[in-house]
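Hi everyone, thanks for coming. Let's pull up the structure and have a look inside it together.

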Amino acid sequence: MKLTPIHTAIFKETSDLPAFIQKFIPTVAEKTILAVSSKIVALWKGNTVPYESVVQKETLIKQHSQAALQTPLAWLTIKDGMVMTNAGIDESNAGGKLILLSDCYACADELCRALKQAWHVKELGLVITDSMILPLRAGVIAAAVGYAGFQGVKDLRGKEDLFGKKLKTTLVDAADSLAAAAALMMGEADEQCPLCIIENAPVVFTEHTNRDEIKYPVENDLYTPLLQAVNLIQQEK
């Protein structure tokens, strides 16, 4: 798999994102996946508000979460089936504004279709990345807050391991793996690389994406007992 980060100009709010991408990536090969920062997707849709106060930000976090728990560092929230900080609301590199997460699956689908047409390709993937923190791990990685054009989960149940034992529960989270790999190349500070081309990714390309395939049932999730212990998922029942 080959990853190529793309250095761009600063994206201006409500600008034409497909045209912006084409300016810096004139063409791609079939079966390419493009990683796009959630920040420029939100700016594309004008999904921002001027920052006013901590109280305003906390109110927005609660409004945009299915569940929210205040911690010493940030709000731990559940949004669209994902655990994330601050419901994805960000003020870094925002020029005095709060940037809110858009409907990233709808945006990924719209952007993927526009770029397919512009680049004259039939099979194209699009993954929207956002920073995440893993439990008990230092630093941030990235996850897919939306994607289109490929299967985000690889189901290995029923396949055999090296010694012939059939796998019973193994699913591979391809979407988040691609997002994490791309974000490592894109950076988190002033790199100005909101795009990353991913080639030769081991995924299945599709015309339609099931946005629920990556969501795992609360009752079966490994972290459910921990989240219940801090009352984070009581609203999810």
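I'll go through the nonpolar cores and then the cysteines. Keep in mind that this is a predicted model.

Okay, the cores. The largest nonpolar core has 36 residues. Which residues have the most contacts inside it? Those are Leu-17, Ile-21, Ile-25, Leu-34, Trp-119 and Leu-126. Several elements give two or more residues to this core, and among them are the helices α1 (17-24), α2 (38-44) and α4 (104-119). The strands that do so include β2 (32-37), β8 (124-132) and β12 (195-199). And which element gives the most? That's α4, with 7 residues.

Let's zoom in on Ile-25. Leaving out residues up to four places away in sequence, Ile-25 touches Ile-6, Leu-34, Trp-119, Leu-195 and Ile-197. Apart from this core lies another one, of 18 residues, including Tyr-147, Ala-182, Cys-196 and Phe-205.

Cys-196 brings me to the cysteines. How many disulfides does a search of the whole structure find? The number is 0. So why is Cys-193 not bonded to Cys-196? Well, the closest cysteine sulfur to that of Cys-193 is the one in Cys-196, and at 8.6 Å that is too far for a bond. For a disulfide, the two sulfur atoms would have to be within 2.5 Å. Looking from the other side, Cys-196 is in no disulfide either, and its nearest cysteine sulfur is that of Cys-193.

Last one: are these two buried or exposed? Cys-193 is buried, with a relative accessible area of 15%. Cys-196 is buried too, at 0%.

Technical notes. Residues numbered from 1 in each chain as written. Predicted model: local features only at pLDDT ≥ 70, side-chain atom pairs only at ≥ 80, totals over all residues. Heavy atoms only, no water. Core = buried A, V, L, I, M, F, W, Y, C linked by side-chain atoms within 4.5 Å. Buried < 20%, exposed > 50% of the residue type's maximum accessible area, 1.4 Å probe, protein only. Helix = DSSP H or I, 4+ residues; strand = E, 2+ residues; numbered from the N terminus. Contact = heavy atoms within 4.5 Å.
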